[in-house]
Amino acid sequence: GCMRPTLEHAVASLTARGLTVWDGFLAPDVASSIRAEVLGFRERGLFKPAGIGKERQLHREIRGDSVCWILPPVDDDGDELLRSSPRLTVLHEALLGLTRVLSERALVNLSRIEMHAAHFEPGGRYLPHLDRRSGTSGRVFTYVYFLNPSWTRRHRGALRAITPMQKLMAPVMNRLVLFHTPEVLHEVMVTTVDRFAVTGWLGRG
């Protein structure tokens, strides 16, 4: 289909540079519906403050988001949210397609997707970090799918890659960012408005 050239570009960029940005990842109406599903999770009180480190301790000055797990890292029956969210299922299927291509090109067997929704309230940020704590060595690529319509520069909240490359990425609606989990040091800059994303990892089983 018409996705191929963008897919080829994304995979080439990811394998060459360890990071890629894909704008317009899904159809606009699907993106809007995913946002609505995620906002619904918030209304149902499903978001919990995110911790850091193996003990998942709360340090809001370091990491200020709340998360709602959609596909947890453990193999249990934790996919009810995904099964009851038809538009998030479309995102999941697109990511599965991506894992198939990446498995072929990057010569790594990707068989697992972790997924959660993340919400930063105004003033929230996440200081520079690697997405790698003990017990998560199977994570190969990090993905972030942004859900923020009408985003402007004064809203801030960019995703900033620090090493091995420097890149500032605005959290604009329907943008997918993918990067190599073990090596890309990154941060979420302070946001001035509510900031939503669906994020997680493509990894080995």
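The expected span of a helix is 1.5 Å times one less than its number of residues. Keep that in hand for the exercises below, which all use a predicted model.

**Exercise 1. Work out how the reach of helix α4 sits against its expected span, and list its buried residues.**

Solution.
- Step 1: α4 covers residues 86-105, so by the rule above you put its 20 residues into the formula.
- Step 2: That gives an expected 28 Å, and the helix reaches 29 Å from first C-alpha to last, close to the expectation.
- Step 3: Now the burial. Count a residue as buried if its relative accessible area is under 20%. In α4 that picks out L88, L91, H92, L95, L98, T99, V101, L102 and S103.
- Step 4: Bear in mind that an α-helix has 3.6 residues a turn, so residues three or four places apart point the same way.
- Step 5: Just past the helix, look at L107: its phi is positive, near 55 degrees.

**Exercise 2. Find which residues touch the most other members of the largest nonpolar core, and which element gives the most to it.**

Solution.
- Step 1: The core has 39 residues, and I34, L91, M115 and V198 touch the most other members.
- Step 2: α4 is the top contributor, with 6 residues.
- Step 3: Zoom in on L91. Leaving out residues up to four places away in sequence, L91 touches F25, L26, I34, M115, Y145 and V198.
- Step 4: Don't mix this up with another core of 14 residues lying apart from it, which includes F146, L159, M169 and A197.

**Exercise 3. Identify the strands that bridge to β9, and say how they run.**

Solution.
- Step 1: Start with β9 itself, residues 175-180: 5 of its 6 residues are buried, so by the under-20% cut-off the strand is mostly covered.
- Step 2: β1 (residues 19-23) joins β9 through 5 bridges, antiparallel. Here V21 has V177 as its bridge partner.
- Step 3: β6 (residues 139-146) also joins β9 through 5 bridges, again antiparallel. This time F141 stands opposite H180.

**Exercise 4. Lay out the open sheet of 4 strands and pick its edges.**

Solution.
- Step 1: The order is β5-β10-β7-β8, with antiparallel pairing.
- Step 2: β5 (126-129) and β8 (167-169) each pair on one side only, and these are the edge strands.
- Step 3: Ignoring direction, neighbouring strands here are turned by 15 degrees against each other on average.
- Step 4: For one pairing in detail, take β7 (residues 159-163) and β8: 3 bridges, antiparallel. A161 has K167 in β8 as its bridge partner.

Key: Residues are numbered from 1 along each chain as its sequence is written. This is a predicted model: local features need pLDDT of at least 70, side-chain atom pairs count only at pLDDT 80 or more; totals for chains, interfaces and linings use all residues. Side-chain values use heavy atoms; hydrogens and water are left out. Helices (H or I, at least four residues) and strands (E, at least two) are DSSP runs, numbered from the N terminus. Buried means under 20% relative accessible area, exposed over 50%, partly exposed in between (1.4 Å probe, protein chains only). Two strands pair if DSSP finds at least two bridges between them. Axes are lines fitted to C-alpha atoms, for helices over the stretch in contact, and angles run from 0 to 180 degrees between N-to-C directions. A nonpolar core is a set of buried Ala, Val, Leu, Ile, Met, Phe, Trp, Tyr and Cys residues joined through side-chain atoms within 4.5 Å. Contact means heavy atoms within 4.5 Å.
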